[in-house]
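I opened the notebook to look up where the ligand lies and what empty space the protein leaves. The entries follow in the order in which I looked things up.

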Amino acid sequence: LDELPVHYSLGLIEDQRLLDLNGTEIEYVSQNIIRSHLGTCQFTSDELSKMVWNAHSQEEVCSLQSKPCEMMWQLCAIHVSNAIQYVVEFAKRLDGFMELCQNDQIVLLKAGCLEVLLIRMTRAFNPSNNTVLFEGKFGGIQMFRSLGCDDLLFAIFDLGQALCRLSLSDEEIALFTAAVLMSPDRPRLTESKKVQKLQDRIFLALQKEIQKRHCSEDLLTKMISKLPLMKTICNLHADKLEFFRILHPDTAHIFPPLYKEVFC
Ligand code: CLR
């Protein structure tokens, strides 16, 4: 992901004939991905825009802050793994994904699901007051104080702000998350050529989608420029989790199985 998408941002794949796809086929790729996203995104944009001004009260924030560190970690892990289940369902509905070997399906999901979740977070983020959806209502960074991971949370909220500034449509979020999931450079992939082909098609569809809205041509470049921050967040999350497990060695059981499977 770090090196690969550069040639897209330089606009070298402008010609869809390079991939041997016609306009109808690209439209078909788009429709499959957008449908998969809408069917697995947990909340519709309408629902989210209604919830956005429903904020946690001061008491609710205080009660989250006074939870013991372990309990807050557990609560977050439960919400994260719940959201990951939807990402898994999204992946399964993408054309080509289930035709990959099982090893590669697992590699792509393990490596990409947190990045997908972070991009999806844009939909559940209110940049005007720097709040995110958590436990059914919106709240600021202070909700997560008892985790003891301020630097991680600041990075996540920074990303939320940066992605919201791009004001991505649901269609663009769908195609962007699909492209991130289908990253051919994940370690231990056995058929990365196949994944590369699928990702090329997705980037092409994304480029078309962006042109449709005839907004700034460099939107794709801006989207790709957020990938390093996402990678930083994934590494930071892994570090924090490792540190937590060293401090609390007896707490393996508090995390949901899916969270452990993906991150431990
Ligand atoms: C992302 C978009 C999904 C719904 C969803 C579920 C869980 C939320 C997540 C969103 C955003 C990030 C989130 C997470 C629960 C905990 C996590 C608020 C809204 C925060 C940033 C804490 C992370 C702490 C780590 C130690 C796990 O459709």
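The entries below go through the ligand, the pocket and the cavity.

Entry 1, ground rules. I am working with a predicted model, in which local features need pLDDT of at least 70 and side-chain atom pairs count only at pLDDT 80 or more, while totals for chains, interfaces and linings use all residues. Residues are numbered from 1 along each chain as its sequence is written, and side-chain values use heavy atoms, with hydrogens and water left out.

Entry 2, the ligand. I looked up the shell of 17 residues around the ligand, among which Gln42, Trp73, Leu133, Phe144 and Leu147 come nearest; a residue belongs there if one of its heavy atoms lies within 4 Å of the molecule. I then found an oxygen atom of the ligand 3.2 Å from an N or O atom in the side chain of Gln42. Taken alone, the ligand exposes 600 Å², of which the protein buries 93%, with areas from the Shrake-Rupley method and a 1.4 Å probe.

Entry 3, the shell. I noted that helix H5 (69-93), helix H6 (102-121), strand E2 (131-134) and helix H7 (150-165) each give two or more residues to the shell around the ligand, and that the largest share, four residues, comes from H5; helices (H or I, at least four residues) and strands (E, at least two) are DSSP runs numbered from the N terminus.

Entry 4, the pocket. The ligand sits in the largest pocket, in the sense that more than half of its atoms lie within 2 Å of the pocket's grid points. A pocket here is an open set of points on a 1 Å grid over the protein atoms alone, with protein on both sides within 12 Å along at least five of seven lines, whereas a cavity is a set where a 1.4 Å probe fits but cannot get out; lining residues have an atom within 4 Å of a point. I recorded a volume of about 890 Å³ for this pocket and a lining of 33 residues, of which His79, Val80, Leu117, Leu133 and Phe134 lie nearest the centre. H5 gives the most to that lining, with seven residues.

Entry 5, the cavity. I found one cavity of 30 Å³ or more, and the largest cavity holds about 70 Å³ of space. Val29, Asn32, Ile33, Leu94, Asp95, Leu198, Arg201 and Ile202 line the largest cavity, with helix H2 (23-40) and helix H9 (192-212) each supplying at least two residues.

Technical notes:
Polar contact = N/O pair within 3.5 Å; in protein donor to acceptor, adjacent residues only side chain to side chain. Points joined across faces, edges and corners; volume = space filled by probe spheres on them.
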